[in-house]
Amino acid sequence: MARVVRFAGVGLVMAGVMCASGIASAGVYKWRDAQGNWHFSDTPPSGGATKGAQGKVEEVVLSSNFADAKVAIKLPIANPRHNGGASVALDSFGLKLDIAGSSNATIGRAFSGKDCTQSTDVQWSDGAVDLKGKVAEGAVAERFRNWGYLFVDGSESAGSLADLHLDAELVAMKLDLCNSIAMGNTFGAGSRGYVKVRWTLRVQAGGEPLYSGVSAGSFDAWHPGGGTKGTVLKALAAATDNLLGDHAFVDVVTGVNSAHAQAAAVPAGATKMALVYGDGSGSFRGHSDEVLRSAVTVRTSHGHGSGVLIDASGYALTNAHVVGADAQVKVMLDDDVVEARVVRTDRHVDVALLQFDPKGRKAATVAHAEPHAGDPLYVVGTPLDVRLSHTVTQGILSAVREVDGARLYQTDAAVNPGNSGGPVFNESGELVALSVSGLVNAEGSSLNVNYLIPVGRALSAVGATVE
């Protein structure tokens with residue numbers, strides 16, 4: 001007989017069809033800063049940026065410029081319906097990139113030569129960006145499911161069973177590539193992408209829209225090793241996050257006023273944080289010193305657990321069952337022990353937010369994308385004894401499971417009492433989850449079936465918003 005154990009402190013028992021038609025353009029703002037550097041963004045600069053701009057801020061057409069358009073990312077609203085609520089299917093994903101009547105729309109620039117100084121047009125054609133078949137649908141589905149929404153396969157048989165039907169039109173796309181970006185003595189390929197998507201949600205295909213709106217997303221891997229694979233899909237994922245950050249859309253999908261639901265779930269109000277998101281570059285081993293220093297040990301009145309710094313100003317995540325009813329806990333930073341305040345907890349998701357003096361430590365870098373089954377994972381924490389802090393174990397993402405109504409990652413990485421609330425990193429050294437529980441046999445031995453809370457779900461539960 002197996003039983004579920006929460007790994008807290010020691011001493012605590014425990015679809016789409018592609019088409020190309022129509023005409024589209026997208027506006028961005030362009031200005032030069034006081035140092036003479038050009039900037040492009042989806043919204044006009046404000047405050048100090050406007051004052052520091054040389055000359056006037058111009059609105060330009062994106063289709064004639066580079067993809068260096070930075071789009072602010074809204075923190076998606078986690079599904080307030082714990083049973084999932086209405087199911088959604090993506091009925092179609094269409095391309096409308098036929099700019100100026102040309103069948104080969106220019107979507108960006110391909111750079112070459114020293115310092116990427118030479119360039120030619122990148123034109124849309126089959127294979128230029130792989131969005132066919134289920135690829136685009138998969139990118140959208142991943143983001144919906146990550147935030148607790150029921151997203152069904154868009155095939156004719158499965159999609160017909162969905163409660164709501166979503167259509168997406170890619171109305172603007174930019175992709176810049178360079179095969180020889182130089183940074184110091186490092187050279188390599190990099191890319192950056194931008195997309196703008198028009199979304200329409202209906203009860204049935206062809207019916208009256210319940211929701212119609214546009215969201216944009218970008219992804220910047222403009223550095224050696226950034227590569228080109230998946231850049232547009234990651235920008236699409238960011239655009240989907242921005243859709244899920246729209247209260248009007250979430251209210252239609254869930255039938256719940258999401259603003260009121262969030263306020264009820266976060267009694268002290270939202271907390272703005274300077275989260276740092278990664279771009280998938282680098283490696284866990286290459287970033288191991290910084291990665292390990294973002295992990296902390298949490299000492300409570302009844303044992304100890306683990307945690308991770310997510311904002312360099314001093315905010316950290318751990319499990320709610322680690323802190324229990326304590327309003328104050330202690331956080332161990334190597335040889336330093338500091339007092340930490342429990343800002344808030346969410347017992348349903350099993351996550352708590354702490355605040356303390358981080359003594360100058362850097363925060364963990366948060367992953368934009370979810371891991372997939374088979375991807376390597378690195379668990380960091382303080383198993384069994386506080387003297388074993390910063391222990392690293394490795395495994396893979398075994399599966400994504402529904403456990404007691406919660407969406408969790410399953411891993412075979414070694415996780416033990418004391419690991420609860422500790423960070424789990426992907427191959428690039430980016431934070432993807434928190435340790436939470438696992439299966440043990442009657443003697444208390446691990447069965448190598450351990451569960452993790454996706455980091456996006458944890459951040460949403462404690463009301464974290466991006467500055």
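**Confidence, cavity and selected residues of a predicted model**

The mean pLDDT of the protein, pLDDT being the predictor's confidence in each residue on a scale from 0 to 100, is 76, and 71% of the residues reach 70 or more. The structure is a predicted model, for which local features need pLDDT of at least 70 and side-chain atom pairs count only at pLDDT 80 or more, whereas totals for chains, interfaces and linings use all residues. Residues are numbered from 1 along each chain as its sequence is written, and side-chain values rest on heavy atoms, with hydrogens and water left out.

The protein contains nine helices and 28 strands, these being DSSP runs numbered from the N terminus (helices: H or I, at least four residues; strands: E, at least two). Among these elements, strand 1 (residues 3–6) has the lowest mean pLDDT, 40, and strand 25 (residues 423–425) has the highest, 96. The pLDDT is below 50 over residues 98–102, a stretch that nevertheless has nine contacts in the model beyond near neighbours in sequence, a contact being defined by heavy atoms within 4.5 Å. Over residues 258–268 the pLDDT is likewise below 50, and this stretch has 16 contacts beyond near neighbours in sequence. Where pLDDT is low, the predicted coordinates should not be read in detail.

Of the 467 residues of the protein, 51% count as buried, where buried denotes under 20% relative accessible area, exposed over 50%, and partly exposed in between (1.4 Å probe, protein chains only). The accessible surface of the protein comes to about 20100 Å², of which 51% belongs to carbon and sulfur atoms; accessible areas come from the Shrake-Rupley method with a 1.4 Å probe, and for residues only the protein chains shown count as cover.

The largest cavity has a volume of about 180 Å³. Of the 22 residues that line this cavity, R143, N146, A367, H368 and G456 are the closest to its centre. Two elements, helix 2 (135–146) and helix 9 (455–461), give two or more residues to the lining, and the largest share, three residues, comes from helix 9. By class, the lining has 15 nonpolar, three polar and four charged residues, with Ala, Val, Leu, Ile, Met, Phe, Trp, Tyr, Cys and Pro counted as nonpolar, Asp, Glu, Lys and Arg as charged, and the others, Gly among them, as polar. A cavity is here a set of points, on a 1 Å grid over the protein atoms alone, where a 1.4 Å probe fits but cannot get out, and lining residues have an atom within 4 Å of a point; grid points are joined across faces, edges and corners, and the volume is the space filled by probe spheres set on the points.

R143, one of the residues closest to the centre of the cavity, is located in helix 2 and counts as buried because its relative accessibility is 5%. Leaving aside neighbours within four places in sequence, R143 is in contact with A237, T240, D241, L244, H368, A369 and E370. The C-alpha atoms of R143 and L236, which are 93 residues apart along the chain, are separated by 9.9 Å.

Two asparagines in loops were also examined. N319 lies in the loop between strand 17 (315–318) and helix 8 (320–323) and is buried, since its relative accessibility is 0%. Not counting residues up to four places away in sequence, N319 touches D350, V351, A352, S420, G421, S435, V436 and I453. N419, which is placed in the loop between strand 24 (406–411) and strand 25, is buried as well, with a relative accessible area of 4%. The C-alpha atom of N419 is separated by 6.4 Å from that of S435, a residue 16 places apart from N419 along the chain; S435 is also one of the residues touched by N319.

Further loop residues are partly exposed. E427, in the loop between strand 25 and strand 26 (431–440), counts as partly exposed at 48% relative accessibility. Residues up to four places away in sequence being disregarded, E427 touches G282, S283, F284, P376 and Y378, and the C-alpha atoms of E427 and G280, 147 residues apart along the chain, are separated by 8.4 Å. K359, in the loop between strand 20 (351–355) and strand 21 (365–366), has a phi near 55°, a positive value in a residue other than glycine, and is partly exposed with a relative accessible area of 46%. H390, found in the loop between strand 22 (376–381) and strand 23 (391–403), has a positive phi of about 60° although it is not a glycine, and H390 counts as partly exposed at 22% relative accessibility.

How values were computed: On a 1 Å grid over the protein atoms alone, a cavity is a set of points where a 1.4 Å probe fits but cannot get out, and a pocket is an open set with protein on both sides within 12 Å along at least five of seven lines; lining residues have an atom within 4 Å of a point.
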